[in-house]
Each structure stands twice: as C-alpha cells, then as structure tokens.
Amino acid sequence: MILPINNIKNSINFSADSNPKDKKTLEYDHDTLLPNNLSTSARIGMDKLTNAFTLYPAKGMKGSKNANFYEFLTMGTVPYIIGSIGLMAVFNFANKFFPSAFDKIQASKIGQKMALGVLFYAAAKSLSKQLISRPVNMLTGVDIDQPYAKVIYELPDNINDTDITSIEYHKVFESVEFPRWDLLYGDESKGEKRNFRYDKIAKKLNMGENLNDSDQETKPRIKEIIVKSNVAKSISSYMWAATGVALAFQKPWEEYFNAMTFKFWKPQEFFKSIKVFGTSFAKSAKALYKGEGNGVTKHAGKILLGAAVLTSALGVINTVAGSRNTPKSKSDIIKTDEKHVVS
C-alpha cells in the first residue's frame, strides 16, 4: 500500500501518521455539496474574485504546472471589471476638457448615467437568472445552481511544498452530459435515504412516490430541465440587462447624482444619499414605464420591460411544462384483453 506524503522537513517521510500536528487543516476533505443561499454565494464570489486578482495570475505567470482551465475562466472577471471601470472613466474624466461650465455639467450627467448603466447591466444580467432558477427549483425540485466545493490535489512545485491542495467551486449541473450525480445521493451513515433527493424530484414531477429507482427514472428529465433552463437564462438575462441600462438613463437619476456621496464617515450625508437613491430608483422605473414623446418612443420602456418579463415567464413555463408530464398509467400501457404488451 502506498501511503500519502504528509510531512516534508529535512527528509521525505512516507508515514501516514508520523506527525499529525503538521497536517494541513482543510475546510473540505472531499467534494462537498454546499447550501445554495446568499451566504454561500457571497463567500464563493469573494473567494473567486480575490483569487482572480492575486493567486491565479501569479500561478499562470510563473508557469505553474497546477494552473488549470478553471483558474483561466475565473480570471475572466478581471478584464470584465477593468473594462467596466475604463468605460465609466472615459465618459467622466474627459469632462474637464469642455470649455464652458454648462457643457461640463451636461457631459457629467451623461457620464454618470453611463457609469450607472454599466453597473445596472451587470447587476440585472446576473440577478435576473434567479427568475428562472428559483421558480424551476420550486416547481420541479431541481436546483440548477446547486454549488459544491471540489478538492483539488495538486503536484508539489518543490520538495518542501506541503500545501498541495486547493478548493474550486463548481455547480452540480455545470456539465449537462456529466453532472455530479454522486453528490445528490444521501449519506446513509447519517441516516439519510440514498435517493431522498431524487425521491423529492420524482414527486414534484408527478412521477410517483416510493419508486424503486427514482434516481434512474428522474435523471433523463433532470438533463432536459437543465438544457431548457440554461437557454431560458441566456435569453432573459440579456433582456433584463438591456432594461437595466434603459433604467439608468432616466432623468430622475439626476436628483441622486446631486446628492450622491460615498463618505460613510459622514453618516448624515451618506444615509441621505441612500434614501435619495431609493427615491430616484422608484421615479426612474415609473418614468421608464410611462415613457416620453409619441408613438413607439413613448411605449419603448413598456415594450422592453414586457419583453424581459415575457422571456422569463415563457422560459419557466417551457422548462416546467415538458418535465412534469404525467407518465402513462398501466392501463394505457398494458391492454388487459390482449396477450401482449403494446407501447
């Protein structure tokens, strides 16, 4: 039996239990299913963002053999954030070059709305995906965004390197062809039924209760749900992102820009700014819906908002309707007056 390397000091030690004190304490010692809630999402987001700016670029630039595709994709947030900041800066730092005060004020208003539009675009595109995943989860029992922590055992970069593990955050249904089905099985040592998660899904999908093999029965339908919901999220998220940008360009935001401050050490001004933000948001949403001008221009906001709502609703309906079809009853499958089974 080959035992793992646990402690490397002056020599290589192949003993599994030679010095337990030197073992690294891991947050996870195996691939672990995580609760899908706000706290977990925030922690995962912060961990990935921090590593994208620090650890992963350093590994890539020094040519580490442990740099992988997950880290490459995670670093995609870096140019996205830097590009967004650059876009906001372009429309605001040039204000000082305008000759008259009036031109500076007008340019400043456009620049601030552009900056707000960038923020609203990102927020709406990300948050709107929950309009698909949450209803689908409630109606089918399939959590398409279920996260899990994956333990990666890396190769040591040198003989003294004992920190050879890292944690990656993935989703159970990240791959449609190869989902992590194993993570959805219950832990029988903790008193959980092996198929209790699949049993819940089968019940939600009207496939029956107490099925002998609920996991095998539901897996094809789960794949279908994942494919349809991913398509729905892709379409609706861009519609909501466009709505966010349109919202940012409404006139009531100018009231907020006049009161805007991020000086939290001045609580009176800071909390007033937050209050004005809420008021401007409500007024801007109303202005977007009512519209200005005549004809199509006046109803453009309604059309855009309606399209965003409609794509989300149709996405959920299309995903759920096909998956919850009640299977044929035995009387439909077997004709009692015949001697053979028909399909």
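**Figure 1. A salt bridge between K283 and E255 in the predicted model.** K283 is partly exposed, its relative accessible area being 42%. Its partner E255 is also partly exposed, at 38%. The two side chains meet in a salt bridge with an N to O distance of 3.4 Å. This pair connects distant parts of the chain, since K283 belongs to helix 10 (residues 267-290) and E255 to helix 9 (residues 253-259), 28 residues apart.

**Figure 2. A salt-bridge network joins D31, K150, R180 and D182.** These four residues are linked through salt bridges that share partners. R180 forms a salt bridge with D31, and the closest N and O atoms of this pair are 3.0 Å apart. R180 lies in the loop between strand 5 and helix 7, whereas D31 lies in the loop between strand 2 (12-13) and strand 3, so that the pair links parts of the chain 149 residues apart. Both R180 and D31 are buried. R180 also meets D182 in a salt bridge of 2.8 Å, N to O. The relative accessibility of R180 is 17%, and R180 therefore counts as buried; D182, at 43%, counts as partly exposed. In total, the model contains twelve salt bridges.

**Figure 3. Strands 3, 4 and 5 form an open antiparallel sheet.** The strands follow the order 3-4-5. Strand 3 (32-33) and strand 5 (165-171) are the edge strands, each pairing on one side only. Strand 4 (residues 147-153) pairs with strand 5 over seven bridges in the antiparallel sense. Within this pairing, I167 in strand 5 is the bridge partner of V151. Helix 1 (residues 38-53) lies across strand 4 and strand 5, and runs at about 125 degrees to strand 5.

**Figure 4. W181 and Y198 form a tilted aromatic pair.** The structure holds 15 aromatic pairs. In the pair of W181 and Y198, the ring centres are 6.5 Å apart and the planes meet at 45 degrees. W181 lies in the loop between strand 5 and helix 7 (196-204), and Y198 lies in helix 7, so the pair ties together parts 17 residues apart in sequence. Both residues are buried.

**Figure 5. An aromatic cluster includes Y256 and F257.** The members of the cluster are F120, W253, Y256, F257, F277 and F281. Y256 is buried, with a relative accessible area of 9%, and F257 is buried as well, at 10%.

**Figure 6. Charged side chains sit over the rings of Y185 and Y289.** R194 lies over the face of Y185, at 4.0 Å from the ring centre. The charged end of K302 is placed over the ring of Y289, 5.1 Å from its centre.

Methods. Residues numbered from 1 in each chain as written. Predicted model: local features only at pLDDT ≥ 70, side-chain atom pairs only at ≥ 80, totals over all residues. Heavy atoms only, no water. Pairing = 2+ DSSP bridges. Helix = DSSP H or I, 4+ residues; strand = E, 2+ residues; numbered from the N terminus. Contact = heavy atoms within 4.5 Å. Axes fitted to C-alpha atoms, helices over the stretch in contact; angles between N-to-C directions. Phe/Tyr/Trp six-rings, centres within 6.5 Å; stacked < 30°, edge-to-face > 60°. Buried < 20%, exposed > 50% of the residue type's maximum accessible area, 1.4 Å probe, protein only. Lys NZ or Arg CZ within 6 Å of the ring centre and 35° of its normal.
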